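Please look through the structure shown here, and keep its sequence at hand while reading the paragraphs below.

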Amino acid sequence: MFFLQRFHLELRAWLDQELTARGARQKSINLPAGRIGVRTRAAKFVIDNEPATLDWARKHCPEAVVLMESISKSKLNKHVESTGELPDGTSLQPAHEALYIS
């Protein structure tokens with residue numbers, strides 16, 4: 001992914017030049033390590049400002065507003081530490097050494 005993001009403009013320019021030189025109506029080229037090409041992506045709906053969209057939806061499309069429940073792990077950790085009680089659906093992972101690279 002990094003490679004594509006970093007060299008997108010250069011790769012696209014090279015691909016356009018190659019496709020033009022080949023004179024075909026194809027939109028991709030087979031390479032020794034794979035294929036490079038372009039495809040048409042459909043238009044898509046993007047939320048750029050979620051709070052503003054949420055305010056709008058509350059007024060104009062309330063069925064689009066969904067409430068979600070989640071667990072506060074920090075509060076649950078405090079409960080386990082203070083009571084020793086292990087909640088249903090949980091387990092305690094013992095202390096262990098883990099490899100890391102920095």
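The text that follows goes from the strands to the pocket, then to the side chains and the loops.

This is a predicted model, and the account may begin with its two strands. The strands β1 (28–31) and β2 (34–37) pair in the antiparallel sense, and 4 bridges join them. Between β1 and β2 there are 2 residues, and the two strands form a hairpin. The pairing can be followed residue by residue: S28 stands opposite G37 in β2, while I29 has I36 as its bridge partner in that strand. As a general point about such elements, the side chains of a regular strand alternate between the two faces of the sheet.

The strands also lead to the largest pocket, which holds about 530 Å³ of space. Its lining is made up of 17 residues, and those closest to the centre of the pocket are L4, R35, I36, G37 and V38. Two or more residues of this lining are given by each of α1 (2–22), β1 and β2. Of these elements, which gives the largest share of the lining? The answer is helix α1, from which 6 residues of the lining of the largest pocket come. Sorted by class, the lining consists of 8 nonpolar, 4 polar and 5 charged residues. Two of the residues already met in the hairpin thus return here, since I36 and G37 are among the residues closest to the pocket centre, and in the strand pairing I36 is the partner of I29, whereas G37 faces S28.

The next topic is the aromatic side chains. The charged end of R6 sits over the ring of F7, at 4.6 Å from the centre of that ring. A pair of aromatic rings, by contrast, is described by the distance of the centres and the angle of the planes. How many aromatic pairs are there when ring centres must lie within 6.5 Å? The count comes to 0 aromatic pairs.

Single positions on the helix and in the loops complete the picture. T20 has its place in helix α1, and T20 counts as exposed because its relative accessibility is 64%, where exposed means over 50%. From T20 to E63 the C-alpha distance is 49 Å, with the two residues 43 apart in sequence. In the loop between β2 and α2 (50–60) one finds R41, which likewise counts as exposed because its relative accessibility is 67%. The C-alpha atoms of R41 and R12 are separated by 16 Å, and these residues lie 29 apart along the chain.

The loop between α2 and α3 (73–83) contains P62, and V65 lies in the loop between these helices as well. Are P62 and V65 buried, exposed or partly exposed? P62 has a relative accessibility of 48% and therefore counts as partly exposed, since this class lies between the limits of 20% and 50%. V65, with 25% relative accessibility, also counts as partly exposed. In space, P62 is 46 Å from Q26, C-alpha to C-alpha, and the two are 36 residues apart in sequence. For V65 and T53, which are 12 residues apart along the chain, the separation of the C-alpha atoms is 9.9 Å.

Notes:
Residues numbered from 1 in each chain as written. Predicted model: local features only at pLDDT ≥ 70, side-chain atom pairs only at ≥ 80, totals over all residues. Heavy atoms only, no water. Phe/Tyr/Trp six-rings, centres within 6.5 Å; stacked < 30°, edge-to-face > 60°. Lys NZ or Arg CZ within 6 Å of the ring centre and 35° of its normal. 1 Å grid on protein atoms, 1.4 Å probe; cavity = no way out; pocket = protein on both sides within 12 Å on 5 of 7 lines; lining within 4 Å. Points joined across faces, edges and corners; volume = space filled by probe spheres on them. Nonpolar A, V, L, I, M, F, W, Y, C, P; charged D, E, K, R; others polar. Buried < 20%, exposed > 50% of the residue type's maximum accessible area, 1.4 Å probe, protein only. Pairing = 2+ DSSP bridges.
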